Structures are given as structure tokens and as C-alpha cells.
Amino acid sequence: MSKWIVESNKIDRFIFLIGRLPVDERSLDEGSRSGAEDEHQPFGVPGRPDSAPILARSLAFSLRSEDAMPSRIPLDPKLPKAFDATPNEERSKAELDQWWDRPYGLTRPDGRIEIRCLNGGAWDRSTHLGIADDYDAACVLAEAKQAEWVRFREQPRTCLDEGRVTVIRQPQRPDEGMLELASFATAEAATEYLRANFPEPSSSR
């Protein structure tokens, strides 16, 4: 069954292409539940009970250091053949696993770095995220722009489905299905559901 999405959105320089797509109806409460973990599991070096605080502090420092530094993006990677001329739904799982939502940089003739990412911003090619003066700046820009795009892409949309208004989330990868969140008899009810469950972030001034 196909459904028409009737709401389009745009952010920054991105336009999310919305059209007729098959819906994989899944409930929000689906998913696996893992067993409860033992909160009192010892943390340290075997035979060294006094090592737990040291390792805990080291781990905390490591996590703080990683949080302070943006992810290092590949620079001038070897891309698959026809990478920027292939419909996203025709890409292999291996290609998607390696490149989907993973920004990379391309060195321009003037030494600056163009940041691109295969993320659905275009239907058959990678998306231009921006240009930076050096590698460190490129990593910062890539992290910020990709996070901004993912937040937009994850936002629920409404579509008209046989007289009802359905709230859906777009597929986050070309090999995933659309997620149906709720269905309502009127657009007003769907809007109220979105306001209650997915409020837009307030702008700080």
C-alpha cells in the first residue's frame, strides 16, 4: 500500500524530498528488551580491588576528552564507483553500512575542504554540508551539520491515508521502512498529537 505525504519541510540549504512511499506499519512499543544488568558488577582489574576507582576516573576522563573533540572524518577517501550517480535505494547494504550518515572531506584545489555525506539529502548522491578552511574546522562543521540534518530527518510528518491523517517517521535509511506512529480522523487531532509528543524546540533570544 502506498501513502502520500502531504507535508514538506526544509532547513538551512536542505530540502527533504517527500513523495509516495510504501509504509511498513510497526507499533511504537515493538522492540527487544534486554535482561537487567547487575548494577553491582565489580569494575577493576582482577585481583586488584583497589583498581576500580582508578579505572573509573580514567574512563571518565577518556569520555570527557572524546566529547570535547568532534569525530575525525575521512579525508579524500576512495569512494565506490558511481557514488554520486546512484539512486540511494539501489545501493548495497555494505555500501550503506560504510557510508550512510558518515561525513567525509574532499580537498579542493585551493586547499580548503568540502564536507559531504550520503544521508538522504539528495536521492542519488551525497549531500554538500559545507566548506572549511582546514581539517579540524571540517570535522567540527561536519559534526554540526550532520547532527542538524538528522534532527530534521527524524521529525514526524503527516500523510493522508484513505481519509485518515497518519503521523509517520520517514525511513532513516533507504533499506528501512516508514514507521507509522499514530492515525487520526482529522488534521487537527494529528496536529495536537505532534504538539504534545514532539514539541518544536523553543528558540533562545
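These legends walk through several close-up views of a predicted model.

**View 1. An aromatic pair sits within helix α3.** Welcome to the first close-up, which looks at W149 and F152. Both residues belong to helix α3, which covers residues 135-154. They are three residues apart, or about one turn of the helix. A search of the whole structure turns up six aromatic pairs. In the pair formed by W149 and F152, the ring centres are 5.4 Å apart and the planes meet at 45 degrees, so this pair is tilted. Are these two residues buried or exposed? W149 is buried, with a relative accessible area of 0%, and F152 is buried as well, at 8%. F152 has a further partner to look for: the charged end of R157 sits over its ring, 4.5 Å from the ring centre.

**View 2. Three aromatic residues form a cluster.** Here the residues to find are F83, W99 and Y104, which ring pairs link into a cluster. Once you have found F83, look for R91 too. The charged end of R91 sits over the ring of F83, at 5.1 Å from the centre of that ring.

**View 3. A salt bridge joins D136 and R72.** This view turns to charged side chains. As a general point, side chains of opposite charge can pair when their charged atoms come close. The structure holds nine salt bridges. One of them brings together the side chains of D136 and R72, with a distance of 3.0 Å from N to O. D136 lies in helix α3, whereas R72 is in the loop between α1 (52-68) and α2 (93-99), so the pair ties together parts that are 64 residues apart in sequence. Both ends can be described in terms of accessibility: D136 is partly exposed, at 49%, and R72 is partly exposed, at 40%.

**View 4. A network of salt bridges links K93, D97, R173 and D175.** A good place to begin is D97. This residue forms a salt bridge with K93, and the closest N and O atoms of the two are 2.7 Å apart. D97 and K93 are four residues apart in helix α2, a separation of about one helical turn. D97 also meets R173 in a salt bridge between side chains, at 2.9 Å from N to O. That second pair links distant parts of the chain, since R173 is in the loop between β9 (164-169) and β10 (179-184) and D97 is in helix α2, 76 residues apart. How accessible are K93, D97 and R173? K93 counts as exposed, at 55% relative accessibility. D97 is partly exposed, with a relative accessible area of 34%. R173 counts as buried, at 17%.

**View 5. Strands β5 and β6 pair in the antiparallel sense.** Strand β5 takes in residues 104-107 and strand β6 takes in residues 113-117, and four bridges hold their pairing. Which residue of β6 is the bridge partner of T107? The partner of T107 is I113. The hairpin of β5 and β6 has five residues between the strands, and G111 in this hairpin takes a positive phi near 90 degrees. Further along, R116 has its place in strand β6. R116 counts as buried, at 14% relative accessibility. Its side chain is joined to that of E114 by a polar contact of 2.9 Å.

**View 6. T158 lies in strand β8.** Strand β8 covers residues 157-161, and T158 is found there. T158 is buried, with a relative accessible area of 13%. To place R169 in the same picture, follow the chain: T158 and R169 are eleven residues apart in sequence, and their C-alpha atoms are 8.6 Å apart in space.

**View 7. Two buried cysteines, C117 and C139, complete the set.** How many disulfides does the structure hold? The structure holds zero disulfides. C117 is buried, with a relative accessible area of 0%. C139 also counts as buried, at 0% relative accessibility.

Methods: Residues are numbered from 1 along each chain as its sequence is written. This is a predicted model: local features need pLDDT of at least 70, side-chain atom pairs count only at pLDDT 80 or more; totals for chains, interfaces and linings use all residues. Side-chain values use heavy atoms; hydrogens and water are left out. Rings of Phe, Tyr and Trp (its six-membered ring) pair if their centres lie within 6.5 Å; planes under 30 degrees apart count as stacked, over 60 as edge-to-face and the rest as tilted. Helices (H or I, at least four residues) and strands (E, at least two) are DSSP runs, numbered from the N terminus. Buried means under 20% relative accessible area, exposed over 50%, partly exposed in between (1.4 Å probe, protein chains only). A charge sits over a ring if NZ of Lys or CZ of Arg is within 6 Å of the ring centre and within 35 degrees of the ring normal. A salt bridge is a side-chain nitrogen of Lys or Arg within 4 Å of a carboxyl oxygen of Asp or Glu. Two strands pair if DSSP finds at least two bridges between them. A disulfide is a pair of cysteine sulfur atoms within 2.5 Å. A polar contact is a pair of N or O atoms within 3.5 Å; within protein, one must be able to donate a hydrogen and the other to accept it, and residues adjacent in sequence count only if both atoms are side-chain atoms.
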